[in-house]
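Trainee: Could you take me through one part of this model closely? I would like to start with a single helix and see how it sits among its neighbours.

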Amino acid sequence: MKAFIGLIINMGIVILPNLKDYWATQECFPKVFNRQRFLQIFWMLHLSEPTPADAPIHTRTQKAQNYLSYLSNKFLSIFKPSKNIAIDESTVGFKGKISFKTYNPQKPRKWGLRVYVAAESKLDSLIRPDLPFTSRIVLSLFENIRNKYPDLKGMHIYTDRFYTNAPLAQELSLFKCHLTGTINPGRKGNCKEIKKPKISKGETLAYRKNNILLLSWKDKRIVTMCSSWHDSSVETIERHTKQGLEQIKKNL
């Protein structure tokens, strides 16, 4: 079952149109699991006892209700609410085929499953109150890993532009941990040349302070990144487009 769940997780990372395609294109899948055996478990495994086709439907989630109740009880056993609680609705991103999928253009995740939550904004549990909120999230999660594995060194964390900033990269480097990620060019602390780079397609613009690199590269649009591991080296690669073969420069 651990092997089965492991393959399911991998399918969430490498997305293919059909289950059988994983055994045709991915070398690791046949080595871990026979395809026929995997499909047997996949179609026979249920979260609840099978119900007759003519059985009444009380709720749309009734087949998974035992599992959802288990998760809810676990969350409640850990959650210790503060004084101020906000009640709101949230959307769990989902684009698959399901009857109660919702669409809300006002939410960051427009397509998904609507849930109702009791939320709080207490941040006392996050470390380093002197740093921005987004940096404190990354450092708190990294601190949990360090507490579990105190001798761990040489990790490399990848973040998106919501979290990435140079002070965070500098802070992580104190623990022998590298950071790489796209960064908002207008973020406070970035040099003005990076905020509005004047570069043509295929060109790069890079600035380094100590071990922190800020780099902008332009293809169809400008992408800006921050890294405490990489340098500004580029290589030329070939890309097939509608107009034919195209050579572009890409960061290593």
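Mentor: Happy to. One term first: two residues are in contact when they have heavy atoms within 4.5 Å of each other. Please also keep in mind that this is a predicted model.

Let us look at helix H7, which runs over residues 166–173. Its buried residues are Leu168, Ala169, Glu171 and Leu172. How are they arranged around the helix? Viewed down the axis of H7, the buried residues fall within an arc of 160°, so they line one face of the helix. What does that face meet? The buried residues of H7 pack against one helix, H6 (133–148), and against the strands E4 (156–159), E5 (178–182), E7 (212–218) and E8 (222–227).

Now follow the chain onward from the helix. Lys176 sits in the loop between H7 and E5. With a relative accessibility of 55%, Lys176 counts as exposed, because the cut-off for that word is over 50%. Its backbone deserves a glance too: phi of Lys176 is near 60°, a positive value in a residue other than glycine. Most residues other than glycine have a negative phi.

One of the strands that H7 packs against, E7, leads to a similar case. Asn210 lies in the loop between strand E6 (204–209) and E7. Asn210 is not a glycine, yet it has a positive phi of about 55°. At 64% relative accessibility, Asn210 counts as exposed.

For a residue on the other side of the cut-offs, turn to Thr91 in strand E1, which covers residues 86–93. Thr91 has 11% relative accessibility and therefore counts as buried, the limit being under 20%. Leaving out residues up to four places away in sequence, Thr91 touches Lys107, Arg109, Trp111, Gly112 and Leu113.

Finally, step back to the whole chain. It has 8 helices and 10 strands. Its radius of gyration is 24 Å, well over the 18 Å that the globule rule gives for 252 residues, so the chain is more spread out than a compact globule. The C-alpha trace spans about 65 × 60 × 45 Å along its principal axes. Buried residues make up 21% of the 252 residues. The chain exposes about 19000 Å², with carbon and sulfur atoms supplying 56% of that area. As for charge, there are 41 positive and 20 negative side chains, and the centres of these two sets lie 3 Å apart.

Note on methods: Residues numbered from 1 in each chain as written. Predicted model: local features only at pLDDT ≥ 70, side-chain atom pairs only at ≥ 80, totals over all residues. Heavy atoms only, no water. Helix = DSSP H or I, 4+ residues; strand = E, 2+ residues; numbered from the N terminus. Rg over C-alpha atoms; globule rule 2.2 N^0.38 Å. Buried < 20%, exposed > 50% of the residue type's maximum accessible area, 1.4 Å probe, protein only. Areas by Shrake-Rupley, 256 points an atom, 1.4 Å probe, with all protein chains shown as cover. Lys, Arg positive; Asp, Glu negative; His and termini not counted. Charge placed at Lys NZ, Arg CZ, Asp CG, Glu CD. Arc of directions from axis to C-beta.
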